[in-house]
Amino acid sequence: MSLEGKVALVTGAARRVGRTISLALAAKGTRVAVHYRTSVADARRVAAAVKTLSGADADVFRADLGDPAAPAKLADAVSRRFGRIDILINSASLYEKAPFGDAAPEDWDRHMAVNARAPFFLAQACAPWLRRSGEGVVINIADWAGLRPYADYGPYCASKAALLCVNKALAKALAPTVRVNAILPGPVLAPEAMSEGDKRKMSEATLLKRLGSPEAVARACVFLAESADYTTGAELTVDGGRLIA
Ligand SMILES: NC(=O)c1ccc[n+]([C@@H]2O[C@H](COP(=O)([O-])OP(=O)(O)OC[C@H]3O[C@@H](n4cnc5c(N)ncnc54)[C@H](OP(=O)(O)O)[C@@H]3O)[C@@H](O)[C@H]2O)c1
């Protein structure tokens with residue numbers, strides 16, 4: 001489908017991967033609802049960059065997706081502002097270490113709430129708009145580690161595994177009018193505090209022996225939204241081969 005003039009709601013869009021996805025959509029003329037939780041100044045910069053890049057409209061929307069009421073309120077605010085929602089990109093994510101011996105039920109609940117529950121209910125709240133679009137698209141940004149968990153991040157990995165099931169459940173629930181797919185990034189952008197040594201180890205653990213980039217994930221989003229018109233319920237790895245290494 002043509003992305004020009006469509007409206008995309010991108011969660012976690014103020015910084016890092018979500019920001020890059022927003023700008024890649026803007027380059028196609030897509031209008032962008034830039035969701036953020038705490039990064040208000042960054043979110044405003046992304047909205048300004050969208051407008052500069054393509055002249056497409058953009059605005060910022062705050063929501064704590066750990067709040068069960070947030071998805072409905074967010075979808076309502078975006079649809080009121082733009083009058084439509086064609087694309088939902090669930091990119092916001094909580095990523096916290098929780099080693100097995102120390103992990104608490106609260107760690108579990110917070111990861112599940114933001115990484116799996118919110119994408120499900122955001123899709124539910126956007127569903128009338130996505131269906132009305134006639135070409136609605138949902139893209140869930142998951143993680144290769146949702147299929148093959150690594151140590152010390154059990155609640156995070158389990159939440160991404162849940163998101164992969166949510167992806168398939170939404171593909172069924174929203175068929176035949178809305179396509180729903182997941183992207184499973186590998187190491188595309190290291191956590192800001194990670195040491196150079198750990199970054200090297202992370203690169204070495206991939207088949208391609210290098211880190212990826214947020215742009216690689218953004219290109220996959222554009223492909224799924226624009227070109228993959230016979231693809232739904234799928235899982236696309238963008239991981240340098242990390243999953244099978
Ligand atoms: N970076 C990688 O190499 C990598 C690898 C595998 C998978 N992924 C996945 O790709 C996506 C983007 O990655 P990333 O590294 O850019 O993510 P990130 O920096 O860890 O988080 C993205 C945004 O999520 C938002 N967020 C966190 N908790 C939230 C909450 N309770 N409510 C609403 N928003 C919340 C934050 O927004 P504010 O800043 O506004 O608070 C944050 O900027 C994520 O789904 C991640 O799991 C990334």
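These legends walk you through a few close-up views of one predicted model. Residues are numbered from 1 along each chain as its sequence is written. Because this is a predicted model, local features need pLDDT of at least 70 and side-chain atom pairs count only at pLDDT 80 or more, while totals for chains, interfaces and linings use all residues.

**View A. The shell around the ligand.** Here the ligand is surrounded by 25 residues, each with its C-beta atom, placed from the backbone, within 6 Å of the ligand. The closest are Gly12, Arg16, Val17, Thr38 and Ser93. Sorted by class, the shell has 13 nonpolar, seven polar and five charged residues. In this sorting, Ala, Val, Leu, Ile, Met, Phe, Trp, Tyr, Cys and Pro are nonpolar, Asp, Glu, Lys and Arg are charged, and the others, Gly among them, are polar.

**View B. Helix H1 and Arg16.** Helix H1 (residues 16-27) gives the most to the ligand shell, with three residues. Helices (H or I, at least four residues) and strands (E, at least two) are DSSP runs, numbered from the N terminus. Arg16 is found in helix H1, and this non-glycine residue has a positive phi of about 50°.

**View C. A cis peptide bond.** Ala175 and Pro176 are joined by a cis peptide bond, with omega about 5°. Look for Pro176 in the loop between helix H5 (154-174) and strand S6 (179-185).

**View D. Lys209 in its loop.** Lys209 lies between helix H6 (196-204) and helix H7 (214-226), in the loop. Lys209 is not a glycine, yet has a positive phi of about 60°.
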